[in-house]
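User: I would like to go through this protein model step by step. Please keep the answers short and reasoned.

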Amino acid sequence: MSLKSKKPWLLYALTTTIFWGVWGAFTGIPSENGFPDTMIYCVWSLTMVPPALFVLKKAGWNLFMDKKSIRNGMLIGLLGAGGQMILFYTVTIGPTYLIFPIISLSPLVTILLSIVFLKERTGKLGVLGIVLAILALPLFDYSGTTEGEVDKGALWFIMSILILIAWGVQAYFMKHANKSMNAESIFFYMTVSGIMLIPVAVYMTDFSQDINWGADGPYLAAVIQILNAIGALCLVYAFRYGKALVVSPMTNAGAPLITSIISMVILGTVPGNYKIIGIVLAILAAFLLAVEPEEGERTE
């Protein structure tokens, strides 16, 4: 029996992990080449269009257009894209070495909501895997150093918490919406909501600076961001077939793991002690979450 037929959620979750991991390793290059992060957002939102149309066509253009589906789909998209918009501003006023470890804990929100409202449960191996994944997440971004003084204001912290909540709630609703609409419609509305925020990203862009419009700017960004888009699509399918309290920590811990490995092997980056610990914990977490039996497979 194939992995797709036995554990379809795992196949999609692993695909998301791999694509997001590769994306994470190279996503900063266009920005380093002089293409602003806000414009990268515009490129990313447009790269969502091809996969959205592809899966809709495969689904026979079966787009759910009732009020509930539109509301849930747009909410999922705006929570994700809106969180990204807030992040653009947050990293300009606060320390990134603290911001990213905070927002990486968004699966905690997803897990809590899934347990309370979706009544999801998992076995002992799954619980251990979730705990290890949660412990691993902040370690991938925490350097253990104080890179400059921390902004004395609390705004960056409040913004970080808002992003954490937005992305945690988004993952919960992604699972919740899959119960009443197809995954193709969810991703379509995610695409629409992302495109809707393009004017905001353009407004936030400082056009007084030199912007790289060459091949290693927007075009390279498009190649890299399509990995993000495909990963997001597979994540929707992972939530469709799997439990949110398992999928969320697995993908959020696994992707930085892949990024770290690529950075070490290809980019020659040597991780610090905290990242090494995070890598070990993420590997253990991914293994435990993958081998945890489905409810129907348990013998007890």
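User: What span does helix α9 reach from its first C-alpha to its last?

Analyst: The model is predicted. Helix α9 covers residues 124-139, which is 16 residues. At 1.5 Å a residue, 22 Å is expected. The span in the model is close to that, at 24 Å.

User: Which residues of α9 are buried?

Analyst: The cut-off for buried is under 20% relative accessible area. In α9, the residues that meet it include Gly126, Gly129 and Ile130. The rest of the list is Leu132, Ala133, Ile134, Ala136, Leu137, Pro138 and Leu139.

User: How many helices and strands does the protein have?

Analyst: The protein has 300 residues, and 49% of them are buried. Of its contacts with a separation of 6 or more, 89% join residues 24 or more positions apart. Its secondary structure comes to 15 helices and zero strands.

User: Which helix gives the largest share of the largest nonpolar core?

Analyst: In soluble globular proteins, nonpolar side chains tend to be buried together. The largest nonpolar core here has 66 residues, and Tyr41, Phe187 and Met190 have the most contacts inside it. Ten residues, the largest share of this core, come from helix α13.

User: Leaving aside neighbours within four places in sequence, which residues is tyrosine 41 in contact with?

Analyst: Tyrosine 41 is among the residues with the most contacts inside the largest core. Its contacts beyond four places in sequence include Ala81, Gln84, Met85 and Phe88. The others are Gly194, Leu197, Ile198 and Ala201.

User: Which element gives the largest share of the nonpolar patch on the surface?

Analyst: The patch is formed by Tyr89, Leu155, Phe157, Ile158, Leu162, Val200, Tyr203 and Met204, with about 780 Å² of accessible area together. Two elements give two or more residues to it: α10 (155-177) and α12 (198-204). The largest share is four residues, from α10.

User: Is leucine 162 buried, partly exposed or exposed?

Analyst: Leucine 162 lies in helix α10. Its relative accessible area is 41%. Buried needs under 20% and exposed over 50%. Leucine 162 is therefore partly exposed.

User: What is the phi of tryptophan 61?

Analyst: Most residues other than glycine have a negative phi. Tryptophan 61 sits in the loop between α5 and α6. It is exposed, with a relative accessible area of 52%. Although it is not a glycine, its phi is positive, at about 55°.

User: Where is lysine 119 found?

Analyst: Lysine 119 has a positive phi of about 60° although it is not a glycine. Its relative accessible area is 59%, so lysine 119 is exposed. It is found in the loop between α8 and α9.

Note on methods:
Residues are numbered from 1 along each chain as its sequence is written. This is a predicted model: local features need pLDDT of at least 70, side-chain atom pairs count only at pLDDT 80 or more; totals for chains, interfaces and linings use all residues. Side-chain values use heavy atoms; hydrogens and water are left out. Buried means under 20% relative accessible area, exposed over 50%, partly exposed in between (1.4 Å probe, protein chains only). Contact means heavy atoms within 4.5 Å. The expected span of a helix is 1.5 Å times one less than its number of residues. Patches are made of residues with over 30% relative accessible area and no salt bridge: like charges are joined within 9 Å, nonpolar side chains (Val, Leu, Ile, Met, Phe, Trp, Tyr) within 5 Å. Accessible areas come from the Shrake-Rupley method with a 1.4 Å probe; for residues, only the protein chains shown count as cover. A salt bridge is a side-chain nitrogen of Lys or Arg within 4 Å of a carboxyl oxygen of Asp or Glu. A nonpolar core is a set of buried Ala, Val, Leu, Ile, Met, Phe, Trp, Tyr and Cys residues joined through side-chain atoms within 4.5 Å.
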